[in-house]
Number of protein chains: 2
Amino acid sequence: MELSEKVADKKKPIKWLASKTTDQWLKQAIENPIEILMDHAHCERKAAGVAVQLMFRYLSEPGLAEVLSPLAREELEHFELVLDILHSRGKTLLPLAAPPYGAKLSKQIRREEPCRMLDMFLVSGLIEARSHERMSLLALNSPDKELKVLYGNLLKSEARHFGIYWNLADERFQRSVIISRLNELAEVEAEILSKLHHHPRMHS
Amino acid sequence: MELSEKVADKKKPIKWLASKTTDQWLKQAIENPIEILMDHAHCERKAAGVAVQLMFRYLSEPGLAEVLSPLAREELEHFELVLDILHSRGKTLLPLAAPPYGAKLSKQIRREEPCRMLDMFLVSGLIEARSHERMSLLALNSPDKELKVLYGNLLKSEARHFGIYWNLADERFQRSVIISRLNELAEVEAEILSKLHHHPRMHS
């Protein structure tokens with residue numbers, strides 16, 4: 001999982017995650033492949049929504065829409081890919097109760113600018129980094145060959161996503177400020193996931 | 001402009017717009033190409049936002065995300081295309097005060113379902129149809145060759161967009177109900193545009 005925790009910053013790889021996903025989660029995920037797949041579709045949709053939302057919030061921030069728009073498109077492409085697999089298995093996308101993960105992380109976002117912007121980049125990056133770590137686990141361990149291939153393929157582009165959020169932060173904030181805040185948020189993120197949520201989710 | 005007002009419904013072309021754009025608007029638009037281009041970028045961004053928002057609102061509506069996700073991607077692609085042209089001319093995207101058009105149309109959306117869903121499809125389709133009509137005018141009349149080509153290229157795919165909203169309505173509502181509501185909304189839309197807004201916009 002080392003690679004999944006590094007960003008696209010060539011000079012010095014950044015460690016995003018403060019904990020490794022447990023075997024407990026992997027067991028829960030592998031035992032509930034369709035629910036995880038549906039939740040994954042929702043995650044892609046939400047990730048696209050967040051990118052579009054950031055484009056609206058920081059409308060005239062130079063260099064932001066230029067990277068977030070292609071990111072949103074890629075998330076939507078992945079959403080459609082997962083939807084296709086669900087359809088091919090006779091399933092339709094159902095609404096799923098969200099685990100506390102996203103809401104608890106969002107609460108960490110400070111309200112005043114520019115802290116808000118930094119926190120939004122870092123929280124988005126953390127979620128992407130965790131998704132990537134867990135998709136790597138599924139790509140390696142899923143007994144379902146089609147899903148193994150799916151997660152493996154998604155990984156290749158998902159790996160860039162937390163790199164994008166890192167770069168957005170790095171272009172606008174001091175490196176020391178980013179690292180210090182990332183460490184705080186990563187601790188919270190690890191704490192949220194330390195107890196397995198009862199519903200199988202990408203972030204249970 | 002006949003073609004621009006027809007939807008992708010093969011059996012019977014639908015007339016979306018209750019009025020034709022005036023020469024006054026065309027003159028205003030041609031005299032302010034960069035402001036119109038920036039506003040057009042915002043329109044593409046907003047159109048993507050609306051498609052994503054509809055995907056969130058009608059999460060488990062069969063067949064909806066399947067067409068709105070590619071639509072949102074295409075709007076974002078167009079947004080990036082317009083952004084590129086702005087950049088190539090040394091301009092960055094500035095926030096522009098929105099004309100009253102969008103807000104006034106949104107006020108027409110009824111609150112209770114399923115009327116809300118129908119109205120959202122029809123208002124979105126109307127906005128797409130008007131954008132398409134005005135882009136056709138710019139493609140035909142712009143003295144700036146690069147912009148002429150840009151609007152001409154965008155037109156080809158934009159023409160499908162109001163067809164998508166028509167189909168979304170047509171698959172879920174009685175034809176007579178749709179036509180009757182569309183006529184009401186189209187009258188309001190024409191009324192909003194009957195007086196030229198003082199700022200040059202795609203929907204001034």
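This is a short walk through a predicted model, one selection at a time.

**Stop 1: the two chains**

Start by colouring chain A and chain B separately. Turning chain A by 180°, with 0.0 Å of shift along the rotation axis, lays it on chain B with an RMSD of 0.0 Å. That is how copies related by a two-fold axis behave. To find the axis from chain A, select A:R73: its C-alpha is the one in that chain nearest the axis, at 2.5 Å.

Now look at where the chains meet. Of the interface residues of chain A, 100% are interface residues in chain B too, so the two copies meet through the same surface.

**Stop 2: helix α1 of chain A**

Select residues 23-31 of chain A, which make up helix α1. Which residues of this helix are buried? They are A:W25, A:L26, A:Q28 and A:A29. These four span an arc of only 165° around the helix axis, so they sit on the same side of α1(A). The spacing rule behind such patterns is simple: an α-helix has 3.6 residues a turn, so residues three or four places apart point the same way.

Next, pick A:D23, A:K27 and A:E31. These are exposed residues, on the face of α1(A) turned away from the buried side. To see what lies over the buried side, show α2 (33-57) and α5 (115-141) of chain A, which are among the elements covering it.

**Stop 3: A:S204, a partner of that helix**

Keep α1 on screen and jump to A:S204, in the segment after α7 (175-193) of chain A. Is A:S204 buried or exposed? With a relative accessible area of 2%, A:S204 is buried, because the cut-off for buried is under 20%.

Show the side chains here. The side chain of A:S204 makes a polar contact of 2.7 Å with that of A:Q28, and another, of 3.2 Å, with the side chain of A:W25. Leaving aside residues up to four places away in sequence, A:S204 touches A:W25, A:Q28, A:R134, A:L193, A:L196, A:H197 and A:H199.

**Stop 4: along α5 of chain A**

Another serine to click is A:S136, in helix α5 of chain A. A:S136 is buried as well, at 8% relative accessibility. Then add A:L155 and draw a distance between the C-alpha atoms: the two residues are 19 places apart in sequence and 6.8 Å apart in space.

Slide back to the loop between α4 (101-106) and α5, where A:P114 lies. What kind of peptide bond joins A:E113 and A:P114? The bond is cis, with omega at about 0°. For background, most peptide bonds are trans. Over in chain B, a cis bond also links B:E113 and B:P114, again with omega about 0°, and B:P114 is in the loop between α4 (101-106) and α5 (115-141) of that chain.

**Stop 5: the nonpolar core**

How many residues does the largest nonpolar core have? It has 124, and those with the most contacts inside it are A:W16, A:L68, B:W16 and B:L68.

Zoom in on B:L68. Beyond residues up to four places away in sequence, B:L68 touches B:A51, B:L54, B:M55, B:Y165 and B:L168. Follow that list to B:M55, which sits in helix α2 (residues 33-57) of chain B and is buried, with a relative accessible area of 1%. The C-alpha atoms of B:M55 and B:L68 are 6.8 Å apart, with their positions 13 residues apart along the chain.

Now show both chains around B:M55. Its contacts, again not counting residues up to four places away in sequence, include A:R45, A:L76 and A:F79 from chain A, along with B:L64, B:A65, B:L68 and B:S69 from chain B.

**Stop 6: B:L150**

Move to helix α6 (residues 145-170) of chain B and select B:L150. At 5% relative accessibility, B:L150 is buried. B:L150 touches B:L37, B:L81, B:V82 and B:I85, with residues up to four places away in sequence left out. For a long distance to draw, try B:S106: the C-alpha atoms of B:L150 and B:S106 are 28 Å apart, and the residues are 44 places apart along the chain.

**Last stop: the cysteines**

Finish with A:C43 and B:C43. A:C43 is buried, at 17% relative accessible area, and B:C43 is buried too, at 17%. How many disulfides are there over all chains? A search of the whole structure finds zero.

Terms used: Residues numbered from 1 in each chain as written. Chains lettered and ligands numbered in written order. Predicted model: local features only at pLDDT ≥ 70, side-chain atom pairs only at ≥ 80, totals over all residues. Heavy atoms only, no water. Disulfide = S-S within 2.5 Å. Buried < 20%, exposed > 50% of the residue type's maximum accessible area, 1.4 Å probe, protein only. Least-squares fit on C-alpha atoms with pLDDT ≥ 70 in both. Contact = heavy atoms within 4.5 Å. Helix = DSSP H or I, 4+ residues; strand = E, 2+ residues; numbered from the N terminus. Arc of directions from axis to C-beta. Core = buried A, V, L, I, M, F, W, Y, C linked by side-chain atoms within 4.5 Å. Polar contact = N/O pair within 3.5 Å; in protein donor to acceptor, adjacent residues only side chain to side chain.
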